[in-house]
Amino acid sequence: MNQQPPQPQVPQQQQQFQVNPLAVNVAYFLRNHAILKQRQGMLNGGVVDFFRFKRVARALLSDEYKEKAANPKNQLPPVNSLQEAKAVFALLINNRLVLRGDKLHTADAREKHLNPKKGFPCFVPLPKAELADDEYYIWLYQKKSVWDSLLGFAVIIGVFAVICFPLWPQFMRKGVWYLSVLFLGLLGLLFVIAIIRLILFIITYYTVKPGLWIFPNLFEDVGFFDSFKPLYAWNVPKQKKAKSSKTADKPVAKPSSEKIESSTGSTGAAPAAGTVKRRVVLEEVDE
């Protein structure tokens, strides 16, 4: 009697990860919520949305969430305290719908060989979350919109249309053939124009400096019609304005009789009669 060999057991780490439906419902409620005041940042070279935990706590403790959680159709866990809000938000972390991130300053981002952009702070993921008020979290969950569904239907219809191409009427197939020939002709014309403008620039660069470009905005980041405006232009390098010219036009402020006392110390002189004494306090606000 032949005995079958024992089936190998799949390790628990290799089993398919299943997302808790309650966590998805909570993420659907919080995604793009106005209380979160979400902003955009950079993570691993991509644009992501981030927020603070204290905003999440306010949204989960709001009357809007309590009203939706009272309806059994929404399938939302009830939240009546800050501890329950932390427990519900922990579901999102455990189900990989959000990720804690460390917001880097520009100098720190460059030290880590990141490319920070203005208005888009860089983040690095952190493995541990303490659910503090000022902790930053990044969305990994993307809420599906109506446009996503319409785009999916359009792709399916396009695939079926290509598959059923032999069944198309004769006039439709002929029209597609003419459109494809027109597209290839326009593409070839673009290559011809690029070669001609390069040859003309090389000739004029050595004969009539600084050289002449036809369609100088052909490969610039502009609109289609703006790419062909102007018809020609000379290759004049852009001159950078000196910093001294910017400051030369500024009027010189006249000395004032008022004495300003900073928060770190005084000016060392007693204020005269009729003078105003001010105190300047600088605060750093990080939102």
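Helices here are DSSP runs of H or I with at least four residues, strands are runs of E with at least two, and both are numbered from the N terminus. Keep that in mind as you click around, and note that this is a predicted model in which local features need pLDDT of at least 70 and side-chain atom pairs count only at pLDDT 80 or more, while totals for chains, interfaces and linings use all residues. Residues are numbered from 1 along each chain as its sequence is written, and side-chain values use heavy atoms, with hydrogens and water left out.

**Stop 1: helix α3**

Select residues 63–69, which make up helix α3, and show the side chains of glutamate 64 and lysine 68. They sit four residues apart, about one turn of the helix. An α-helix has 3.6 residues a turn, so residues three or four places apart point the same way. Here the two side chains meet in a salt bridge, 4.0 Å from N to O. The term covers a side-chain nitrogen of Lys or Arg within 4 Å of a carboxyl oxygen of Asp or Glu. Glutamate 64 is partly exposed at 36% relative accessible area, and lysine 68 is partly exposed, also with 36%. For the cut-offs: buried is under 20% relative accessible area, exposed is over 50%, and partly exposed is in between, using a 1.4 Å probe and protein chains only.

**Stop 2: strand β5 and its partners**

Now pick residues 136–139, strand β5. In a regular strand the side chains alternate between the two faces of the sheet. Which residues cover the two sides of β5? Tyr136 and Ile138 are on one side, Tyr137 and Trp139 on the other, and all of them are buried.

Add strand β2, residues 46–52, which pairs with β5 in the antiparallel sense over three bridges. Then add strand β3, residues 98–103, which is also antiparallel to β5, over four bridges. (Two strands pair if DSSP finds at least two bridges between them.) Centre the view on tyrosine 137 in β5: phenylalanine 51 has it as bridge partner, and arginine 100 stands opposite it.

**Stop 3: salt bridges around the strands**

How many salt bridges are there? The count comes to five. Select arginine 52 and aspartate 134, whose side chains meet at 3.5 Å, N to O. Arginine 52 belongs to strand β2 and aspartate 134 to the loop between β4 (123–125) and β5, so this pair ties together parts that are 82 residues apart in sequence. Is arginine 52 buried or exposed? At 8% relative accessibility, arginine 52 counts as buried. Bring in Lys54 as well, since Arg52, Lys54 and Asp134 are linked in a network of salt bridges.

Next, go back to arginine 100 and add glutamate 135: they form a salt bridge with the closest N and O atoms 3.6 Å apart. Glutamate 135 is in the loop between β4 and β5 while arginine 100 is in strand β3, so the pair ties together parts 35 residues apart in sequence. Glutamate 135 is buried, with a relative accessible area of 5%.

**Stop 4: helix α7**

Select residues 170–207 for helix α7. Its 38 residues, at 1.5 Å a residue, should span 56 Å, and the end C-alpha atoms are 56 Å apart, which agrees. (The expected span is 1.5 Å times one less than the number of residues.) Show Ile193, Arg197, Phe201 and Thr204, which are buried. The buried residues of α7 pack against β6 (212–214), where contact means heavy atoms within 4.5 Å.

An unreviewed UniProt entry lists residues 150–169 and 175–208 as "transmembrane region"; its positions are given in the numbering used here, feature names are shortened, and annotations may be inferred rather than shown by experiment. Colour both spans. Residues 150–169 are 70% helix and 0% strand, with end C-alpha atoms 26 Å apart. For 175–208 the figures are 97% helix, 0% strand and 47 Å between the end C-alpha atoms.

**Stop 5: backbone oddities**

Most residues other than glycine have a negative phi, and most peptide bonds are trans. Lysine 209 and proline 210 are joined by a cis peptide bond, with omega about 10°; proline 210 is in the loop between α7 and β6. Another cis bond joins lysine 229 and proline 230, with omega about -10°, and proline 230 is in the loop between β6 and β7 (232–234).

Finish with leucine 131, in the loop between β4 and β5, which has a positive phi of about 60°. At 14% relative accessibility, leucine 131 counts as buried.
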